[in-house]
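Please keep the sequence and the three-dimensional view open side by side while reading. The paragraphs below begin at the nucleic acid, pass to the relation between the protein chains, and end inside the individual chains.

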Protein chains: 2
Amino acid sequence: MTDPFDQPDQPDDPLRPREAEILGRIRDTFVEKGFDGASMQQLARAAGMSVGNFYRYFPSKAAMVKAMIRRDLREVEEKFAEVLRAPDPLVALRCGLHSRIAEEGCDDGTLWAEINAAAARKPELAAVVDGMECCVFGHLLTTFARITGFGPEETARRFTTHAAVAVMLVNAVALQRKTGGAAPQDEIVRMIQRLTDVLLDEVASARAGE
Amino acid sequence: MTDPFDQPDQPDDPLRPREAEILGRIRDTFVEKGFDGASMQQLARAAGMSVGNFYRYFPSKAAMVKAMIRRDLREVEEKFAEVLRAPDPLVALRCGLHSRIAEEGCDDGTLWAEINAAAARKPELAAVVDGMECCVFGHLLTTFARITGFGPEETARRFTTHAAVAVMLVNAVALQRKTGGAAPQDEIVRMIQRLTDVLLDEVASARAGE
DNA sequence: CTGGCGAGAGTGAACGCTCATTCACTCCAT
DNA sequence: ATGGAGTGAATGAGCGTTCACTCTCGCCAG
């Protein structure tokens with residue numbers, strides 16, 4: 001637990017291609033077996049290599065999850081950058097949220113549920129997850145600021161809760177297990193999208209100087 | 001996996017007091033270590049007894065979770081019965097949902113996240129969780145029917161999605177890990193309550209014969 | 001009153017197994 | 001020949017599960 005290898009925690013380390021490839025290969029194993037359930041030998045086999053060699057790339061399960069989260073975060077940041085570049089950020093954000101909610105149905109959700117559950121008891125994971133959420137928060141608030149015309153601190157004062165709840169809604173869809181068929185998935189998606197619209201409308205209707 | 005001991009799966013078996021007491025003692029261990037993370041010897045120690053004796057009460061971890069879920073379900077059914085007895089079921093339901101959302105902050109959430117993650121890969125658990133959700137669904141729809149005056153099948157046709165999303169919102173609050181302080185918990189709670197109100201208002205505004 | 005008996009609660013060492021982690025080793029391109 | 005990539009047997013800790021055992025009652029025959 002002393003983690004002497006943990007120094008290269010620079011948020012900008014570029015995740016070399018080999019690591020990324022391995023991450024892609026072991027994903028399914030994590031989804032199927034869970035964080036505690038997946039053994040290092042199973043993960044190594046899934047990655048197509050021996051245990052010993054596997055340790056050269058990821059010294060622990062936590063390290064893998066960290067890498068996964070960092071990779072996902074990178075994608076999300078890309079999306080936010082696009083939104084800010086768009087001519088109408090409100091429309092772009094709404095559209096981005098909608099498609100994120102619609103996509104989230106796949107087993108991304110299972111993986112995320114697993115990571116969240118694991119984070120609840122491994123503090124080092126919790127730190128990474130918190131870092132990610134905090135970062136998403138920041139981007140969301142920046143976008144809100146652009147939309148409303150408020151300054152950063154005024155935006156934070158008014159809309160931090162909106163941002164938090166928006167994140168929760170996206171997570172909620174992701175975490176939803178496939179219910180036996182009680183309600184059709186696409187209708188649920190549409191309704192959640194409508195609820196996010198309620199939040200965005202509140203933000204948009206508070207434009208500065210109106 | 002043959003589960004010959006599983007016959008007493010009658011949904012109405014009364015969960016004898018000793019089992020209930022043990023459940024109360026091991027709860028925290030499950031919360032701290034997770035489903036796979038908590039070992040039988042740890043759980044037995046938490047229950048204040050030896051491993052051997054522990055097996056006399058719960059032949060597997062899944063059995064414990066089943067018992068926990070059944071106990072929770074019993075409480076929820078009690079609440080729904082109250083709502084239906086109330087003079088104005090809409091008000092009672094709204095109030096019940098609100099307080100459920102407000103209470104859900106404690107580590108109930110962690111436990112539920114754990115159970116959900118575990119259910120994603122242990123089919124026998126998934127069955128129990130599905131059973132519970134399905135049951136909650138049913139009660140919610142019954143209440144909706146009472147509120148609107150529609151028949152059961154018409155209510156289901158119109159409002160199954162509303163029920164599903166309401167359940168999701170409650171879960172979302174429960175699953176929320178304590179974020180470092182990005183947004184104050186009570187404001188988030190209030191906003192989620194407002195979103196459930198959006199759903200309930202839609203249901204209520206569709207009263208039959210208006 | 002008493003002695004013995006059986007049932008239920010409780011014990012913890014022991015079994016076979018899987019796990020995370022290490023390490024002496026081999027390849028092979030440079 | 002050097003060093004990075006890769007191997008897989010070995011180690012020891014910890015796991016779920018079992019089982020032979022003890023302890024403590026209440027009960028009834030004598």
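On the surface near DNA strand D, at least two residues each are supplied by α3 (51–57) of chain A and by α2 (40–47) and α3 (51–57) of chain B, where helices (H or I, at least four residues) and strands (E, at least two) are DSSP runs numbered from the N terminus, and where a residue is near a molecule or strand if its C-beta atom, placed from the backbone, lies within 6 Å of it. This is a predicted model, in which local features need pLDDT of at least 70 and side-chain atom pairs count only at pLDDT 80 or more, whereas totals for chains, interfaces and linings use all residues. Residues are numbered from 1 along each chain as its sequence is written, while chains are lettered from A and ligands numbered from 1 in the order in which they are written.

Around DNA strand D, chain A places Met49(A), Ser50(A), Val51(A), Gly52(A) and Asn53(A), and chain B places Ser39(B), Met40(B), Gln41(B), Val51(B), Gly52(B), Tyr55(B) and Ser60(B). This surface divides into five nonpolar, seven polar and no charged residues, with Ala, Val, Leu, Ile, Met, Phe, Trp, Tyr, Cys and Pro counted as nonpolar, Asp, Glu, Lys and Arg as charged, and the others, Gly among them, as polar. Around DNA strand C one finds Ser39(A), Met40(A), Gln41(A), Val51(A), Gly52(A), Tyr55(A) and Ser60(A), together with Met49(B), Ser50(B), Val51(B), Gly52(B) and Asn53(B). Here the elements that give two or more residues are α2 (40–47) and α3 of chain A and α3 of chain B, and the surface near DNA strand C divides into five nonpolar, seven polar and no charged residues.

How are the two protein chains related? Chain B is superposed on chain A by a rotation of 180 degrees with 0.0 Å of shift along its axis, at an RMSD of 0.2 Å, the fit being made by least squares on the C-alpha atoms of residues with pLDDT of at least 70 in both copies. That is the relation of a two-fold axis. Within chain B, the C-alpha nearest this axis belongs to Ala172(B), at 2.7 Å from it. Both copies use the same surface, in that 100% of the contact residues of chain B recur in chain A, two residues being in contact if their C-beta atoms, placed from the backbone, lie within 7 Å.

The contact between the chains takes 37 residues from chain B and 37 residues from chain A. On the side of chain B that touches chain A, at least two residues each come from α1 (17–33), α6 (108–119), α7 (123–148), α8 (152–175) and α9 (185–204) of chain B, and the largest share, eight residues, comes from α8(B). The residues of that side divide into 18 nonpolar, ten polar and nine charged.

Two helix pairs of chain B can be followed in detail. The helices α8(B) and α9(B) pack at an angle of about 170 degrees, with their axes 10 Å apart; axes are lines fitted to C-alpha atoms, for helices over the stretch in contact, and angles run from 0 to 180 degrees between N-to-C directions. They are therefore roughly antiparallel to each other, given that angles under 35 degrees count as roughly parallel, over 145 as roughly antiparallel, 65 to 115 as roughly perpendicular and the rest as oblique. Among the residues that meet are Phe159(B), Leu169(B) and Val173(B) in α8(B) and Ile192(B), Leu195(B) and Leu199(B) in α9(B), and the residues of this contact divide into ten nonpolar, two polar and one charged. By contrast, α6(B) and α7(B) pack at about 125 degrees with their axes 8 Å apart, and are therefore oblique to each other. In this second pair, Ile115(B), Asn116(B), Ala118(B) and Ala119(B) in α6(B) meet Leu125(B), Ala126(B) and Val129(B) in α7(B).

Chain A has nine helices and zero strands, and 33% of its 210 residues count as buried. Leu175(A), in helix α8 (residues 152–175) of chain A, counts as buried with 23 C-beta neighbours inside 10 Å, since the term requires 20 or more other C-beta atoms within 10 Å of the residue's own, against 12 or fewer for exposed and the range in between for partly exposed, with C-beta atoms placed from the backbone. Leaving aside neighbours within four places in sequence, Leu175(A) is in contact with Gly109(A), Trp112(A), Ala113(A), Asn116(B) and Leu175(B). Gly48(A), in the loop between α2 and α3 of chain A, is exposed, with 12 other C-beta atoms within 10 Å.
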